[in-house]
Every structure is written in structure tokens, then in C-alpha cells.
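Dear colleague,

I am passing on the structure we spoke about, and below it you will find my notes on what came out of the analysis. Please read them with the model open beside you.

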Amino acid sequence: MENLKISAKQPSDSQNTSPALNPDHLSLAARKTALLFGCYRKGDANDPEVYTMAVAATLAEYTAEVIDYVCDPRTGLPAKLKWLPTVAEVREECERHAEWTRTRDALLAKGWRLVSGRWVKPGEAA
């Protein structure tokens, strides 16, 4: 896993991704992939090495915030799925959280505040 080969392509801005895939970001994706898989029983991937590389490559297309959320056993896929996720399920969860972060950032830019899990309009008392 340390020798993970992922091309350093420029991800599209529509995915709320990091501006470039640098070695530190790729290392984060690889570490979080190991955490994600460690939360499950022994997997049934046909080719575990290819599967691991595919999930790490998918995660690497997203920001560190998205990767952390999706792989966290409290908030991400380990808390939602009983079986190893498919690459498509990993991408879907990343997209869901990336969309949430885009919405959050847009609301924060407009002056909204998130107070105890509830959005408060600018000028409104919490």
C-alpha cells in the first residue's frame, strides 16, 4: 500500500476536491483506506490489492475533510455498511459529503451559523 501508484491528475472543481494530488494527500488516502478496511471483517474482494488501490484512488480525488468523514468509524461508511463497500459506494458517500461541505461553505459565506445542529440566519438569535 505504501507504493500506491495513483496519477496526479487535476480533479474537477465540481467534486470539491483538493487542487492537486500531492504525495502527502495520497498518503492520507492510503492511510484512511487502511482504517476503513480495518473496520470490517476479512473481505471478499477478488483481488484485494487492486480493490485497495481502487478505493484509495477514489478517496484521493476528494479533500482531506471528505476522506476523514467517509472513513471515520463514527460518521462514515463503517457506521453505515455491514460489508466492505464497493468502489461505487465509496464514491457515492464521498459525493454526498462533498455536496454537504459545499452547501455548508456557501451558507457560511452568506453569514449563516450552525448552532447545535441547526442553521441560524444572519442576524437571528440562536
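The accessible surface of the protein comes to about 7,800 Å², and carbon and sulfur atoms account for 55% of that area. Please keep in mind throughout that this is a predicted model. Of the 126 residues in the protein, 34% are buried. As for the fold, the protein has five helices and two strands, and along the sequence these elements follow the pattern α-α-α-α-α-β-β. If one takes the contacts between residues at least 6 apart in sequence, 62% of them join residues that are at least 24 apart.

Two helix pairs deserve a description of their own. Helices α2 and α5 pack at an angle of about 15°, and their axes are 10 Å apart; with an angle under 35 degrees counting as roughly parallel, α2 and α5 are therefore roughly parallel to each other. Their crossing is right-handed. On the α2 side the residues that meet α5 are Ala54, Val55, Thr58 and Leu59, and on the α5 side their counterparts are Val87, Val90, Arg91 and Cys94.

The second pair is α1, which covers residues 23-38, and α3, which pack at an angle of about 10° with their axes 9 Å apart. That angle makes α1 roughly parallel to α3. In this contact α1 contributes His25, Leu28, Ala29, Lys32, Leu35 and Leu36, while α3 contributes Ala64, Ile67, Asp68, Val70 and Cys71.

Turning to charged side chains, a search of the whole structure finds nine salt bridges, and I describe three of them here, beginning with one that involves a residue already named at the α2 and α5 contact. Glu61 forms a salt bridge with Arg91, with the closest N and O atoms 3.0 Å apart. This pair links distant parts of the chain, since Glu61 sits in the loop between α2 (48-59) and α3 (64-71) whereas Arg91 belongs to helix α5 (residues 87-109), 30 residues apart. Glu61 has a relative accessibility of 12% and so counts as buried, whereas Arg91, at 29%, counts as partly exposed.

The next salt bridge joins the side chains of Glu65 and Arg104, at 2.5 Å from N to O. Because Glu65 lies in helix α3 and Arg104 in helix α5, the pair ties together parts that are 39 residues apart in sequence. Here Glu65 counts as partly exposed at 34% relative accessibility, while Arg104 counts as buried at 16%. The pairing also belongs to a wider arrangement, in that Glu65, Arg104 and Asp105 are linked in a network of salt bridges.

Which residues does Arg104 touch, not counting those up to four places away in sequence? They are Glu65, its salt-bridge partner, and Trp119. In addition, the C-alpha atoms of Arg104 and Leu114 are 8.7 Å apart in space, and these two residues are ten residues apart in sequence. You may therefore wish to look at Arg104 with its whole surroundings in view, given that Arg104 is buried, with a relative accessible area of 16%.

The third salt bridge is the one between Glu124 and Arg118, whose closest N and O atoms are 3.5 Å apart. Glu124 counts as partly exposed, at 32% relative accessibility, and Arg118 likewise counts as partly exposed, at 42%.

One point of backbone geometry remains. Most residues other than glycine have a negative phi. Ser116, however, has a positive phi of about 50° although it is not a glycine. Where does Ser116 lie? Ser116 is found in the loop between β1 (113-115) and β2 (118-120), and with a relative accessibility of 77% Ser116 counts as exposed.

With best wishes

Key:
Residues numbered from 1 in each chain as written. Predicted model: local features only at pLDDT ≥ 70, side-chain atom pairs only at ≥ 80, totals over all residues. Heavy atoms only, no water. Helix = DSSP H or I, 4+ residues; strand = E, 2+ residues; numbered from the N terminus. Buried < 20%, exposed > 50% of the residue type's maximum accessible area, 1.4 Å probe, protein only. Contact = heavy atoms within 4.5 Å. Areas by Shrake-Rupley, 256 points an atom, 1.4 Å probe, with all protein chains shown as cover. Salt bridge = Lys/Arg side-chain N within 4 Å of Asp/Glu carboxyl O. Axes fitted to C-alpha atoms, helices over the stretch in contact; angles between N-to-C directions. Parallel < 35°, antiparallel > 145°, perpendicular 65-115°, else oblique. Left-handed = near helix turned anticlockwise from the far one by under 90°.
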